[in-house]
Amino acid sequence: MRHLAAIMLLLVQSWILWANPYSGPVSLVVIDAGHGGRDPGAVSGRLEEKDLTLSISLELERELEARGYEVYMTRDEDVFLELQERCDAANSQDFDISGYPVFISIHINSSAGGDASGFEVYVRQTERDVAFLSAATSDTLALKYSSYTNRQLNAYEARVSSELAEAICRNFSQEFPRVPMRGVKSGDLWVLNGTWMPSVLVEAGFISNDEEADRMASDSFQKQLAVVIADALQEL
Ligand SMILES: [Zn+2]
């Protein structure tokens, strides 16, 4: 009888662990520095988006590795990558299968006129389901997803992405209470639709706004933003 109880407990535990593909720890963080090479992204004066996204991403890599996370960078130098190449690189990574991968893309906003300001994070539009398997999908990811329907995967992925985006915004507001918080938005964005894992796209501020551009170029802001994002990951 005691054996039966132990077996039941084990079954319940493994059901909880495998009840959704995004339970367990984050075992890989894919950091995607927006733009690069011949694509500068948004430009204002001497500042280019591709340089800011790279230095923020390198700061985030350092912060996450110091906390023991496995990290993969879609780029760690000034090179051009197609959007699909970024997705394929993320989807083809192996990771510890007791956990799951997360994708974080770093971008900088811009507006005509230079008045707009603030911080926002994009998640995938949930009305747009994606197919989770492709030629670029790693064996680990395919195995991780093998017992779920596409609909389940879409629902789980959307939930974890939203939790991460909300946590990043919450932590950012605590760290930078005077910066306008534009919040979590949903967008029909290539790297969010094409990465088969919880994924968010951070717009760290407006390069077209002089005050925000100066702030984003500072080492201290870049370090603080890395801590904000790393703290949010640890809340998952
Ligand atoms: Zn961008």
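## Exercises on a predicted model

Strand S1 (residues 26-33) pairs with strand S5 in the parallel sense over 7 bridges; strands here are DSSP runs (E) of at least two residues and helices are DSSP runs (H or I) of at least four, both numbered from the N terminus, and two strands pair if DSSP finds at least two bridges between them. The model is predicted, so that local features need pLDDT of at least 70 and side-chain atom pairs count only at pLDDT 80 or more, while totals for chains, interfaces and linings use all residues. Residues are numbered from 1 along each chain as its sequence is written.

**Exercise 1. Place strand S5 among its neighbours, and state which of its residues are buried.**

Step 1. On the side of S1, isoleucine 31 stands opposite isoleucine 104 in S5.

Step 2. S5 also pairs with strand S8 (residues 199-206), in the parallel sense and over 6 bridges, and here phenylalanine 103 stands opposite serine 199 in S8.

Step 3. A residue is buried if 20 or more other C-beta atoms, placed from the backbone, lie within 10 Å of its own, exposed if 12 or fewer do, and partly exposed in between. By that rule 10 of the 10 residues of S5 (residues 100-109) are buried.

Step 4. In a regular strand the side chains alternate between the two faces of the sheet. In S5 both faces are covered, with Tyr100, Val102, Ile104, Ile106 and Ile108 on one side and Pro101, Phe103, Ser105, His107 and Asn109 on the other.

**Exercise 2. Describe the surroundings of valine 200.**

Step 1. Valine 200 lies in strand S8, and it is buried because 28 other C-beta atoms lie within 10 Å.

Step 2. Leaving aside residues up to four places away in sequence, valine 200 touches Ile104, Val121, Tyr122, Val123, Ser161, Leu164, Ala165 and Ile168, where contact requires C-beta atoms, placed from the backbone, within 7 Å.

Step 3. Val200 is among the residues with the most contacts inside the largest nonpolar core, which has 56 residues; such a core is a set of buried Ala, Val, Leu, Ile, Met, Phe, Trp, Tyr and Cys residues joined through C-beta atoms within 7 Å.

**Exercise 3. Compare the span of helix H2 with the expected one.**

Step 1. H2 (residues 49-66) has 18 residues, and the expected span is 1.5 Å times one less than the number of residues, which gives 26 Å.

Step 2. The end C-alpha atoms of H2 are 26 Å apart, which agrees.

Step 3. Just after H2, glycine 68 takes a positive phi of about 90 degrees.

Terms used. Two residues are in contact if their C-beta atoms, placed from the backbone, lie within 7 Å.
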